[in-house]
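Me: I would like to go through some of the labels attached to this model and see what each one rests on. Please start with the term that the first case needs.

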Amino acid sequence: MAPLNQSQLDQLTKRLNEDNQVLLREVRSELENSGDQHRIDLLNSEPGDTGDESMANALADFNVAILDRHIQGMRDIEAAFQRIKNGEYGVCTDCGDDVGFTRRQAYPTAKRCIVCQEKREREYAQEGHPKM
């Protein structure tokens, strides 16, 4: 596959910047709402029960998970910018082949070509999923 031309790189850089701004706004919003009045109301309600407390904790965990996902997305974008700077953007980290412009349009932070990504997903499909 051919390397990116300047127009393609500009298009992808613009997309990365836009995605980063969206994530930054989401993180700011989550942090501003971290007081989570609904959770506080559940914990302070009388008479409170373990169900209310469990629901409040679940909401808090959910908000932390969303925040974590946004921050990881920002880290992925930062890593993509570093790969651009180093001239490594679009080079598969596993096999060294070109990631492809179409894939980068769909997923601008992609580190792997589609073949290596599919292989990784098959190999690590159960990673992070506890078993009983």
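Reply: A helix here is a DSSP run of H or I with at least four residues, numbered from the N terminus. The model is a predicted one. K14 and E18 both lie in helix α1, 4 residues apart, which is about one turn of the helix.

Me: What makes K14 and E18 a salt bridge?

Reply: The closest N and O atoms of K14 and E18 are 3.8 Å apart. The cut-off is within 4 Å, between a side-chain nitrogen of Lys or Arg and a carboxyl oxygen of Asp or Glu, so the pair of K14 and E18 counts as a salt bridge.

Me: Why is K14 called exposed, and why is E18 called partly exposed?

Reply: K14 has a relative accessible area of 53%, and exposed means over 50%, so K14 is exposed. E18 has 41%; partly exposed covers the range between under 20% and over 50%, therefore E18 is partly exposed.

Me: How do you know that D19 and R15 form a salt bridge, and where do they lie?

Reply: Their side chains meet at 3.1 Å, N to O, and the limit is within 4 Å, so the label holds. D19 and R15 are both in helix α1, 4 residues apart. D19, at 25% relative accessible area, is partly exposed, and R15, at 30%, is partly exposed.

Me: What makes D94 and R112 a salt bridge, and which parts of the chain does the pair link?

Reply: The closest N and O atoms of D94 and R112 are 3.0 Å apart, within the 4 Å cut-off. The pair links distant parts of the chain: D94 is in the loop between α3 and α4, and R112 is in the loop between α4 and α5, 18 residues apart.

Me: Why is R112 called buried and D94 partly exposed?

Reply: R112 has 12% relative accessibility and buried means under 20%, so R112 counts as buried. D94 has 48%, under the 50% that exposed has to exceed, so D94 counts as partly exposed.

Me: How many salt bridges does the structure hold, and how many aromatic pairs are found?

Reply: The structure holds 4 salt bridges, and a search of the whole structure finds 0 aromatic pairs.

Me: Where does R120 lie relative to Y124?

Reply: R120 lies over the face of Y124, at 4.8 Å from the ring centre. The distance limit for a charge over a ring is within 6 Å.

Definitions and conventions. Residues numbered from 1 in each chain as written. Predicted model: local features only at pLDDT ≥ 70, side-chain atom pairs only at ≥ 80, totals over all residues. Heavy atoms only, no water. Phe/Tyr/Trp six-rings, centres within 6.5 Å; stacked < 30°, edge-to-face > 60°. Lys NZ or Arg CZ within 6 Å of the ring centre and 35° of its normal. Helix = DSSP H or I, 4+ residues; strand = E, 2+ residues; numbered from the N terminus. Buried < 20%, exposed > 50% of the residue type's maximum accessible area, 1.4 Å probe, protein only.
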